[in-house]
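I opened my notebook to get to know a new structure. Here it is, so you can follow along.

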Amino acid sequence: MTVRVLLADDQQMVRTGFRYMLDAEDGISVVGEAGDGIEAVRLAGELRPDVVLMDIRMPGIDGLEATRRLAGPDVSDPLRVVVVTTFDLDEYVHAALTGGAVGFLLKDAGPALLVEAVRAAARGDALVSPRITVRLLRHFASAPAPRRDPAGAGLTARELDIVRTVARGLTNTEVAAELHVTVSTVKTHLARVQEKLGARNRVEIAAWAYRGGLMS
């Protein structure tokens with residue numbers, strides 16, 4: 001199955017570079033390009049790509065607003081958006097992930113990580129640039145939100161194992177290998193965890209784990 005990708009970036013050279021890298025991969029095809037946020041939303045609605053690679057600073061509406069329109073909590077049929085930007089700012093990371101993005105990469109992350117982010121998003125996993133992940137998890141651990149008792153969420157022992165691995169940044173495939181279960185079993189557990197916690201994505205699951213004291 002080919003992963004269909006939409007590129008949204010106001011720089012033609014960036015779009016050309018991403019297209020070159022992604023089209024060279026087996027099973028990935030760039031199906032459209034947008035040079036501003038409004039065009040990105042329009043094309044995404046028309047093409048319904050499997051993954052949208054979204055820049056932040058663009059004309060019209062910025063990538064964060066475009067992400068909210070395509071993948072936000074009020075969207076009934078959200079798309080999988082990976083934000084790819086030059087700007088390593090905490091407020092951008094937070095806005096992108098709470099706005100529904102399933103990944104956040106820096107443009108200097110390199111071709112391998114870009115390709116993996118696309119494949120992860122298509123699988124339903126999330127990928128955030130490693131150096132951002134560490135900072136993000138520290139933020140979760142130190143945030144002044146009330147700490148909740150993990151026992152009060154009604155999670156089973158296996159579901160808590162899943163939560164801990166997700167909070168460490170593992171993908172579904174890596175979780176399955178570590179816990180000796182199938183990927184479909186991991187997905188089933190994750191769906192139940194999200195329902196019990198009221199979490200919209202893996203980032204919110206990780207936040208819950210750190211705030212609840214599950215992670216050291």
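Below are my entries, in the order I looked things up.

**Entry 1: the model.** I noted at the outset that this is a predicted model.

**Entry 2: valine 75.** I began in the loop between helix 3 (63–71) and strand 4 (81–85), where valine 75 lies. Is valine 75 buried or exposed, or partly exposed? Its relative accessible area is 22%, and buried means under 20%, so I wrote down valine 75 as partly exposed. Setting aside residues up to four places away in sequence, I found that valine 75 touches Arg68, Arg69 and Leu70. I also looked up glycine 100, 25 residues apart from valine 75 along the chain: their C-alpha atoms are separated by 9.3 Å.

**Entry 3: the largest nonpolar core.** Which residues touch the most other members of this core? I found Met54, Val81, Val83 and Phe104, out of 28 residues. Several elements give two or more residues to this core, including strand 1 (3–8), helix 2 (37–47) and strand 3 (51–54). The largest share, 5 residues, comes from helix 4.

**Entry 4: valine 81.** I then listed the contacts of valine 81, leaving aside neighbours within four places in sequence. They are Val52, Met54, Thr67, Leu70, Ala71, Ala101, Val102 and Gly103.

**Entry 5: another core.** Apart from the largest core lies another one, of 23 residues, with Ile162, Ala167, Ala206 and Trp208 among them.

**Entry 6: helix 10.** Why do I call helix 10 (residues 202–211) largely enclosed by the rest of the structure? Because 8 of its 10 residues are buried. Among them are Ala206 and Trp208. Just after helix 10, I noted that glycine 213 takes a positive phi of about 85°.

Conventions:
Residues are numbered from 1 along each chain as its sequence is written. This is a predicted model: local features need pLDDT of at least 70, side-chain atom pairs count only at pLDDT 80 or more; totals for chains, interfaces and linings use all residues. Side-chain values use heavy atoms; hydrogens and water are left out. Helices (H or I, at least four residues) and strands (E, at least two) are DSSP runs, numbered from the N terminus. Buried means under 20% relative accessible area, exposed over 50%, partly exposed in between (1.4 Å probe, protein chains only). Contact means heavy atoms within 4.5 Å. A nonpolar core is a set of buried Ala, Val, Leu, Ile, Met, Phe, Trp, Tyr and Cys residues joined through side-chain atoms within 4.5 Å.
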